[in-house]
Amino acid sequence: MTKPAFFITTPIYYPSANLHIGHAYCTTIADTVARYKRANGFDVEFITGSDEHGLKIQRKAEENGMKPIEYVDGIVANFKKLWEMLGISYTKFVRSSSLEHEKDVQKVLQDVFAKGDIYKKKYVGKYCVPCESFWTERQIEEAGGVCPDCGRPVETMEEEDYFFKMSKYADRILKHIEEHPDFIQPVSRRNEMIAFLKQGLEDLCISRSSFDWGIPVPFDKKAITYVWFDALLCYFTGIGFGTDPEKFKRFWPADVHLVGKEIVRFHTIIWPAMLMSMGQPLPKHVYGHGWLVVDGEKMSKSKGNVVDPMAPIREFGPDAVRYYLLSEIALGSDGNYSREGLIRRWNSDLANDLGNLQYRTVSMIEKYHQGIVHKTVVDNEVDAKFRTLAAETLEAYRKQMDAFQLNDAIKTIWAYVGAANKYIDVTTPWILAKDPAQTKRLEAVMYNLADAVRNIAILISSMMPFSAPKIFEQLGLAVPDQFHLDDVAWGNLPDGTKVAKGQPIFPRIEEEKEAKPAAAVSKKETGKEAKKEGVVTPDEITIDDFARLDLRVATIKAAQRVPKTDKLMQLTVDIGGEERTIVSGIAKFYTEEELPGKNVIVIANLKPAKLKGIESRGMLLAASDKEGHLVLAEAPGIASGSKVK
Ligand code: MSP
């Protein structure tokens, strides 16, 4: 049976400079959707590329003493390098300067010309070189004499150019948008386009003759075309318009053009008009995503805040960058990029939640069952409920992915991760392990956990294509060429699988700037108060002394034995949203697995101390019996951060 076809595109990026994190954002979304479709059994074409022609690039090349093609060759190589580093699974990278593309553009121009939709007229207008856009006198005036898009000066251009009769298609485009409510998404962009169309459309200038870095117009060798009839047609070239008619027929119309909000107009008005003139069907969806700002500000060279995506990829790895971009921003809205935000997300969602689940699970299977997973089912309500989560998660995840709610889809997976961590806390495998009557139950719990980790790896594989295989490897599973979402179901982990614990897949990133303790008391203040008190006996404290102790409920997020000691355990705790490292002498009495999830009581304003080179910020309260066994003081069910009085 042939697979259903799916075709997704990113914009064809300008190689006037290297790409920044905003471009990486768009391409990561497209890649995630492409991978998601493949995991659903689709045959996917995924096109990206470079929009190389135009005056801006010609001038940049001249400034650098190069030919345009030499200039863009270097930058396009960097684009490709970036996509490789980020794991972008495009099927074709279309260069608008390629001969294959030139032929496609010329064929379309010739056809549209023959149809009578292209004519020549003298053009006098204001032109913005950086935006490659003509503007009317009125538009310039309203913008205060500058380009309405970028605010830079415009140039007066006067020449005989070819025009495309776009105005002729205005009514049909409006009708199409009105009859296909999900053609333009999100709805805010759709409303903008409807309002724009209702003002009427002007014909579009599609050629130039005062420079030559473009595609020669086939019916007039003095003119070149660039921008619309050039860049948009890259989508055709990518699926074999002129070279592979079968393939073109199979993949056109595109399922989704994913574009930034400012180019929605080109994709939902100009492109449809061109397609109508060509007699081609319109793309099914155009999705306009929001913009990424950096630390709250628009990226710009003059502000010096342009983020090169290669830097965080090198520092944190591609999946950390992908996960952050996908989880942090609701598609369609603008969002913020910050290094601190990325570290925070990594530590909380990846190191603590997912990383811990995977690590604890594999560690316990090694410890209790010599690394072997036994497929066992026991009649137990908690287990039965947990087993249903795989199918429920998959259903919700698919709905959200199909609706382009990628960040919600991530939340759905993380609810499953959270439920699995909770399942460990509730089933307490370390207690089951001590009771021979619970042998079968322990096997079932271990199986359910390992199987859940397997399901989660498949679910995250579209977003984090580098991490999912690592999880499979540690589970002792062969990494498939292609993950399949249909495999997300309870019970697909083979009986007898032997896990292979390795290094933590998401090790914590130590933040350089640690947040201040919740109720820190400065040395100066402490000194003053001590002097004021002064009259109490050595073994008494006043109520004020006691009040200086900041006792809080904290939730243990992660636990790791400190190497080369038998006493110390390094704990990551959450105190009302603030994360800390505390080193505690409880390693003889608790295992790494049983600690996460416990609500304990800590002295939050204890002066930080270094233990075995690890800075410990706080102390856990514990009771000790006659034999010196320590039992942690716990506060189950009390929110982390709550004050203990
Ligand atoms: N070459 C045209 C597109 C032609 S498509 C047939 C173009 N190129 S671009 O390189 O300037 O921009 C490409 C895409 O990057 C646009 O969709 C734009 O919205 C996106 N972004 C540019 N800056 C961005 C952010 N700061 N954040 C998110 N996306 C941003 O336009």
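A helix here is a DSSP run of H or I at least four residues long, numbered from the N terminus. With that settled, I looked up Ile543 and placed it in helix α21, residues 543-548. I keep in mind throughout that this is a predicted model.

**Entry: the patch at Ile543**

I asked whether Ile543 is buried or exposed. Ile543 is exposed, because its relative accessible area is 67%, and the cut-off for exposed is over 50%. I then checked its company on the surface. Ile541, Ile543, Phe546 and Leu549 make a nonpolar surface patch of about 400 Å².

**Entry: overall picture**

I stepped back to the whole protein. I noted 21 helices and 24 strands. The C-alpha trace spans about 100 × 70 × 45 Å along its principal axes. The protein has 645 residues, and 53% of them count as buried.

I took one distance across the chain. Ala77 and Met364 are 287 residues apart along the chain, and their C-alpha atoms are separated by 46 Å. Ala77 sits in helix α3, residues 68-85. I read a relative accessible area of 43% for Ala77, so this residue is partly exposed.

**Entry: a covered helix**

I went to helix α13, residues 318-328. This helix is mostly covered, with 10 of its 11 residues buried. I listed the buried residues of α13: Pro318, Asp319, Ala320, Val321, Arg322, Tyr323, Tyr324, Leu325, Leu326 and Ser327. Arg322 comes up again below, under salt bridges.

**Entry: α7 against α11**

Two packed helices are described by the angle between their axes and the distance between the axes. I looked up both values for α7 (residues 187-198) and α11 (residues 264-278). The angle is about 50°, and the axes are 11 Å apart. That makes α7 oblique to α11. Which hand does the crossing of α7 and α11 have? I recorded the crossing as right-handed.

**Entry: cis peptide bonds**

Just ahead of α7 I stopped at Pro186, in the loop between β7 (184-185) and α7. A cis peptide bond joins Gln185 and Pro186, with omega about -10°.

I logged another cis bond, from Trp252 to Pro253. Its omega is near 5°. Pro253 lies in the loop between α10 (245-251) and β12 (256-260).

**Entry: positive phi**

I looked at Val227 next. Its phi is near 50°, a positive value in a residue other than glycine. Val227 is in the loop between β11 (220-225) and α8 (228-232). Is Val227 buried or exposed? Val227 counts as buried because its relative accessibility is 8%.

Gln370 also went into the notebook. Phi of Gln370 is near 50°, a positive value in a residue other than glycine. Gln370 is in the loop between α14 (339-369) and α15 (381-402). Its relative accessibility is 60%, so Gln370 counts as exposed.

**Entry: salt bridges**

Side chains of opposite charge can pair when their charged atoms come close. How many salt bridges does the count come to? I got 37 salt bridges. I went through several of them.

I began with Glu158 and Lys122. Their side chains meet in a salt bridge, 3.2 Å from N to O. Glu158 is in strand β6 (residues 155-164) and Lys122 is in strand β4 (residues 118-128), so the pair ties together parts that are 36 residues apart in sequence. Glu158 is exposed, and Lys122 is exposed too.

Lys440 and Glu443 gave me a pair within a helix. Both lie in α18 (residues 439-460), 3 residues apart, about one turn of the helix. The closest N and O atoms of their salt bridge are 3.3 Å apart. Glu443 counts as buried, because its relative accessibility is 11% and the cut-off for buried is under 20%.

I then turned to Arg617 and Glu578. Their side chains meet in a salt bridge at 3.7 Å, N to O. This pair links distant parts of the chain, 39 residues apart. Arg617 is in the loop between β21 (614-616) and β22 (619-620), and Glu578 is in strand β18 (residues 578-584). Both Arg617 and Glu578 are buried.

I closed the page on a network. Salt bridges that share partners join Asp31, Arg35 and Arg322 into one network. Arg322 is among the buried residues of α13.

Notes: Residues are numbered from 1 along each chain as its sequence is written. This is a predicted model: local features need pLDDT of at least 70, side-chain atom pairs count only at pLDDT 80 or more; totals for chains, interfaces and linings use all residues. Side-chain values use heavy atoms; hydrogens and water are left out. Patches are made of residues with over 30% relative accessible area and no salt bridge: like charges are joined within 9 Å, nonpolar side chains (Val, Leu, Ile, Met, Phe, Trp, Tyr) within 5 Å. Accessible areas come from the Shrake-Rupley method with a 1.4 Å probe; for residues, only the protein chains shown count as cover. A salt bridge is a side-chain nitrogen of Lys or Arg within 4 Å of a carboxyl oxygen of Asp or Glu. Helices (H or I, at least four residues) and strands (E, at least two) are DSSP runs, numbered from the N terminus. Buried means under 20% relative accessible area, exposed over 50%, partly exposed in between (1.4 Å probe, protein chains only). Axes are lines fitted to C-alpha atoms, for helices over the stretch in contact, and angles run from 0 to 180 degrees between N-to-C directions. Angles under 35 degrees count as roughly parallel, over 145 as roughly antiparallel, 65 to 115 as roughly perpendicular and the rest as oblique. A crossing is left-handed if the near helix is turned anticlockwise from the far one by less than a right angle, and right-handed if clockwise.
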